[in-house]
Amino acid sequence: MQPHYQGLIRRYRDRLPVSAATPVISLNEGNTPLVELQNLPRRLGRSVRILCKFEGLNPTGSFKDRGMTMAVSKAVEAGARAIICASTGNTSAAAAAYAARAGISCFVLIPEGKIALGKLSQAMMHGATVIQIRGNFDDGMRLVQEAAKHLPLTLVNSINPFRLQGQKTIAFEVVEALGEAPDYHVLPVGNAGNISAHWIGYSEAAGLVSGSCNHCGGACPYLAPALCKRRPVLIGVQAAGAAPFLRGAMVDNPETVATAIRIGHPVSWDLAWAAKNESGGWFSEATDAEILAAQKLLAETEGIFCEPASAVSIAGLLKAFERGVIGDGSVIVCTLTGHGLKDPDTAISQSSAPFLVDATGSAIEALIKEHLPR
Ligand SMILES: *Cc1c(COP(=O)(O)O)cnc(C)c1O
C-alpha cells in the first residue's frame with residue numbers, strides 16, 4: 001500500500017532542518033492544489049496561464065500551517081512547553097492548532113476588533129490563551145518579542161527561522177507540479193516572511209543556495225532574470241493602506257480591509273527586498289476596493305473563495321496586465337494565502353442580500369423565472 005501523504009516535514013525531510021530526534025508535529029499540511037484558472041484569462045482576453053496555489057486548503061485554512069509544523073516541531077524538540085505569537089489572525093489559528101496537537105500551551109496577541117471572525121474562533125476553539133491588545137499587529141510583535149526574552153516561551157512568528165523553512169516548501173510543490181518554475185509568482189506581502197520563504201524555496205529548487213544561476217552560466221539572475229526559467233520573477237503585492245515596501249519606509253498606522261496584511265513594520269524587511277531584487281521583480285499595491293473586487297471576481301468566475309488578503313495577488317496581477325508588463329504565453333502562479341471562510345463578515349457585506357419570499361411554490365417560481373439565464 002502507498003503510504004498516504006503525511007505532511008511536508010515527512011515529504012521534504014531531506015531539505016528541512018530536522019533530524020531523527022525531531023518530533024513531527026503535523027496535521028498533514030501542504031500538498032495544496034494548484035488550480036489553473038479557466039474563465040478569467042478568457043474574460044481578460046489574455047493568452048497566459050494563471051494557476052492559483054490554494055493555500056486556503058491547508059488544515060487551518062492558511063499557508064501559516066507550513067511554517068507552524070516546523071516551528072512547533074522544533075520548539076518541542078528543544079523542550080518548549082509553551083509558544084507565543086502576535087497575529088493578524090491566521091498565525092494565531094495555526095499556532096493554537098499545532099500547540100493543541102503537540103499538547104503544549106499557546107499564547108496569542110491579537111489587535112482588538114481587527115481580526116476576522118473565523119480566525120478568532122479557531123484560536124479560541126483550540127484552547128489558546130487569547131489576549132486582545134489595544135494596539136495593532138506591530139505593537140503585538142514588539143510585545144511578544146519582549147515576553148519571549150524573559151519568559152519560558154518559544155516565539156513562533158516568522159522571525160523564527162523555522163517558519164520560513166516550512167513555508168519554502170510551497171515553491172517545491174509548484175516546481176514539481178509544473179516541471180519547472182513559473183515565469184511569474186504573485187503573492188501578498190504583510191510581515192514579508194512568505195515572499196522571503198518563496199524565494200528560498202525557488203532558489204533551493206533550482207539548486208542555487210546562494211545566488212548564482214547554474215542554468216545560464218551564473219549571470220542570469222542579476223542580468224536578465226525574467227529570461228531565467230529556473231526561478232520566477234516575484235511580484236509582491238501590498239494593500240495600499242499598509243504598504244511600507246511601496247513607501248520605502250515603515251508605516252505607523254496601517255489600515256486595510258485585508259486584515260491579514262494590516263502590517264506597517266514588516267519583520268522580514270531586508271529578506272523581502274533581496275527576494276524582489278534578485279528575482280528582477282517588483283512590489284505593487286491595491287486599494288481596498290480593488291482587493292474586494294478581485295476577491296469577488298475570483299469567487300464568481302472560477303469558484304475559488306479566498307480571503308481578502310489573498311485576493312491581493314489577483315488584484316496585483318490585474319494591475320500588471322494593465323501596465324502591459326506580462327507578455328503573452330507567460331505562466332503565472334498566484335498564491336492564495338487563506339480561505340474565504342476565514343472572514344465571512346467581509347464576504348457577506350460585499351454580496352447582495354439573500355431574497356426573502358413566502359414559502360409558496362408560486363413565489364419561488366416567480367423569483368426563479370426572474371433570474372434564469374436568458
Ligand atoms: C500571514 C498572511 C499573509 C501575509 O504573509 P506575510 O508572510 O506576513 O507577508 C497574507 N495572507 C494571509 C491570508 C495571511 O494569513
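**Ligand contacts and helix packing**

In this predicted model, one oxygen atom of the ligand sits 3.2 Å from a polar backbone atom of Gly193. The backbone of Ala192 joins in as well, with a polar atom 2.8 Å from an oxygen atom of the ligand. A side chain takes part too: an N or O atom in the side chain of Thr337 is 2.7 Å from a nitrogen atom of the ligand. Stepping back a bit, the ligand is surrounded by 16 residues, and the closest are Lys64, Asn90, Gly190, Asn191 and Thr337.

Two of those closest residues, Lys64 and Asn90, turn up again where helices α3 and α4 touch. Helix α3 covers residues 64-77, and its axis runs 9 Å from that of α4, at an angle of about 40°. That angle is neither under 35 degrees nor in the 65 to 115 range, so α3 counts as oblique to α4. The crossing of this pair is right-handed. On the α3 side, the contact uses Lys64, Asp65, Met68, Thr69, Val72 and Val76, while α4 brings Asn90, Thr91, Ala94, Ala95, Tyr98 and Ala102. Sorted by class, the residues where α3 meets α4 are 7 nonpolar, 3 polar and 2 charged.

Helix α4 (residues 90-102) also packs against helix α5 (residues 117-125), with the axes 8 Å apart and an angle of about 25° between them. With an angle like that, α4 is roughly parallel to α5. Here the crossing is left-handed. Asn90 shows up once more, this time alongside Ser92, Ala93 and Ala96 of α4, and these residues meet Lys119, Gln122 and Ala123 of α5. The class count for the contact of α4 with α5 comes to 3 nonpolar, 3 polar and 1 charged residues.

Further along the chain is another helix pair, made of α13 (residues 288-302) and α14 (residues 308-323). Their axes come within 7 Å and cross at roughly 95°. The two helices are therefore roughly perpendicular to each other. From α13, the contact draws on Glu290, Ile291, Leu292, Ala294, Gln295, Leu297 and Leu298; from α14, it takes Pro308, Ala311, Val312, Ile314, Ala315, Leu318 and Lys319. In the contact of α13 with α14, 11 residues are nonpolar, 1 is polar and 2 are charged.

Definitions and conventions:
Residues are numbered from 1 along each chain as its sequence is written. This is a predicted model: local features need pLDDT of at least 70, side-chain atom pairs count only at pLDDT 80 or more; totals for chains, interfaces and linings use all residues. Side-chain values use heavy atoms; hydrogens and water are left out. Axes are lines fitted to C-alpha atoms, for helices over the stretch in contact, and angles run from 0 to 180 degrees between N-to-C directions. Helices (H or I, at least four residues) and strands (E, at least two) are DSSP runs, numbered from the N terminus. Angles under 35 degrees count as roughly parallel, over 145 as roughly antiparallel, 65 to 115 as roughly perpendicular and the rest as oblique. A crossing is left-handed if the near helix is turned anticlockwise from the far one by less than a right angle, and right-handed if clockwise. Contact means heavy atoms within 4.5 Å. Ala, Val, Leu, Ile, Met, Phe, Trp, Tyr, Cys and Pro count as nonpolar, Asp, Glu, Lys and Arg as charged, and the others, Gly among them, as polar. A residue is near a molecule or strand if one of its heavy atoms lies within 4 Å of it. A polar contact is a pair of N or O atoms within 3.5 Å; within protein, one must be able to donate a hydrogen and the other to accept it, and residues adjacent in sequence count only if both atoms are side-chain atoms.
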